[in-house]
Structures are given as C-alpha cells and as structure tokens.
Amino acid sequence: WDDEVVEVDIVRDQDKYVFTITEKWVGKISEIEEYREQWRGGSWVKVATIDAKTGKIIWVAILAEEEKAKSQVLLMSKDWQSIRVDLKNIKCIWRWAKWVIIAKLMNKNDKFTSFTIIKEWENDEEDEKEVVDEKQEKLDV
C-alpha cells in the first residue's frame, strides 16, 4: 500500500535500456526487453528487491544505445556531494540481478537528492562539447 510511482516515460523505438537509481547510491542498467508491456489495469513489473541497504527507488530513466554510450549522469547528495559518472561505465545487467554501487558517499547517512543526464557530443565546426537535453529533478528529503 505504500508503493509510489517514481517515473512515467514514453518508450521510443530506439530506446534500449532502463536506468534505475536508489537513494543509497546503488543502481543498475538493464535491457528494456526484460520488461513486459503494461496496459491499463495491468499488474506491476518488479525491478529488484528493495531493502535497507538499497533504500527506495527514486529515479528511473529510459536510455537509447547512443545515450548510454555518450552520456553522463550527474548526481547530487543532500550534503552537496556531487558525482559525475559515464553511463558507458555502468555494466548492463539482468533486471533481477543485485544492484551495482554507482558512487561512494563520504557520509553513509547522506542520500541522493537530484540528478541530471548530460548528453555530450563534439561540435564539427568548433570541436567543443555541448551539453544538451538536461533534465533535473529535485526530490524532497
């Protein structure tokens, strides 16, 4: 009864991965094909077991192959620790597999509070990186 909707997104044809993060800085990337389609009135699809070590799932993103290869996630904690991680460095695992540590926090009681997906590519004319399609959400802690 205490379940909540974390994210709702439209899955495009080019989307291939589901990226999930918990408040205790663990997460996973799994293939979207491992999740069955849901229609109105359908039952839930379990991502993984949640316990005190993982904390609640607080963010889910749908990624295309190119986004996983070229993008980064910028994570911010309640205590203002920020970590930038290349998505290509996060191994794609089965949706029932255990969580992967995304980052280590200085304070073990610190929690994830915001995120930003950063897509980068080289500009042909000026050979510089541009940051686009930035998405940021603030979570109440």
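Colleague: What share of the 141 residues of the protein chain counts as buried?
Modeller: This is a predicted model. A residue counts as buried when its relative accessible area is under 20%. Of the 141 residues in the protein chain, the share that passes this test is 40%.

Colleague: How much area does the protein chain expose?
Modeller: Carbon and sulfur atoms supply 49% of the exposed area. The total that the protein chain exposes is about 10000 Å².

Colleague: Which pattern does the protein chain follow along the sequence?
Modeller: The protein chain has one helix and eight strands. Three strands come before the helix, and five come after it. Read along the sequence, the pattern is β-β-β-α-β-β-β-β-β.

Colleague: Among contacts between residues at least 6 apart in sequence, what percentage joins residues at least 24 apart?
Modeller: A contact here means heavy atoms within 4.5 Å. Take the contacts in the protein chain between residues at least 6 apart in sequence. The part of them that joins residues at least 24 apart is 67%.

Colleague: Is Glu67 buried or exposed?
Modeller: Glu67 is found in helix H1, which spans residues 65-70. Its relative accessible area is 11%. The cut-off for buried is under 20%. Because its 11% meets that cut-off, Glu67 is buried.

Colleague: Which residues is Glu67 in contact with, leaving aside its neighbours within four places in sequence?
Modeller: Helix H1 holds Glu67. Set aside the neighbours within four places in sequence. The contacts of Glu67 are then Arg12, Asp15, Ile62, Leu87 and Lys119.

Colleague: How many residues of strand S4 are buried?
Modeller: Strand S4 covers residues 71-77, seven in number. The strand is mostly covered. Its count of buried residues is five.

Colleague: Which residue is the bridge partner of Gln72 in S5?
Modeller: S4 and strand S5 (residues 82-86) pair in the antiparallel sense. Five bridges join them. In S5, the bridge partner of Gln72 is Asp86.

Colleague: Which residue in the turn between S4 and S5 has a positive phi?
Modeller: S4 and S5 form a hairpin. Four residues lie between the two strands. With a phi of about 70°, the turn residue in question is Trp80.

Colleague: Which strands stand at the edges of the open sheet?
Modeller: Four strands form this sheet in the order S3-S1-S2-S6, with antiparallel pairing. Each edge strand has a single partner strand, so one side of it is left without a neighbour in the sheet. The edge strands are S3 and S6.

Colleague: Which residue in S6 stands opposite Gly27?
Modeller: Strand S2 (residues 26-31) pairs with S6 in the antiparallel sense. Two bridges link S2 and S6. Opposite Gly27 stands Val100.

Colleague: Which strand gives the largest share of the lining of the largest pocket?
Modeller: The largest pocket holds about 1600 Å³ of space. Strand S1 (15-22) and strand S3 (57-64) each supply at least two residues of its lining. The largest share is five residues, and it comes from S3.

Colleague: Which residues lie nearest the centre of the largest pocket?
Modeller: The lining of the largest pocket has 40 residues. By class, 20 are nonpolar, four are polar and 16 are charged. Nearest the centre lie Glu4, Val6, Glu7, Val47 and Val60.

Colleague: How much space lies in the second largest pocket?
Modeller: The lining of the second largest pocket divides into nine nonpolar, three polar and seven charged residues. The space in the second largest pocket is about 520 Å³.

Methods
Residues are numbered from 1 along each chain as its sequence is written. This is a predicted model: local features need pLDDT of at least 70, side-chain atom pairs count only at pLDDT 80 or more; totals for chains, interfaces and linings use all residues. Side-chain values use heavy atoms; hydrogens and water are left out. Buried means under 20% relative accessible area, exposed over 50%, partly exposed in between (1.4 Å probe, protein chains only). Accessible areas come from the Shrake-Rupley method with a 1.4 Å probe; for residues, only the protein chains shown count as cover. Two strands pair if DSSP finds at least two bridges between them. On a 1 Å grid over the protein atoms alone, a cavity is a set of points where a 1.4 Å probe fits but cannot get out, and a pocket is an open set with protein on both sides within 12 Å along at least five of seven lines; lining residues have an atom within 4 Å of a point. Grid points are joined across faces, edges and corners, and a volume is the space filled by probe spheres set on the points. Ala, Val, Leu, Ile, Met, Phe, Trp, Tyr, Cys and Pro count as nonpolar, Asp, Glu, Lys and Arg as charged, and the others, Gly among them, as polar.
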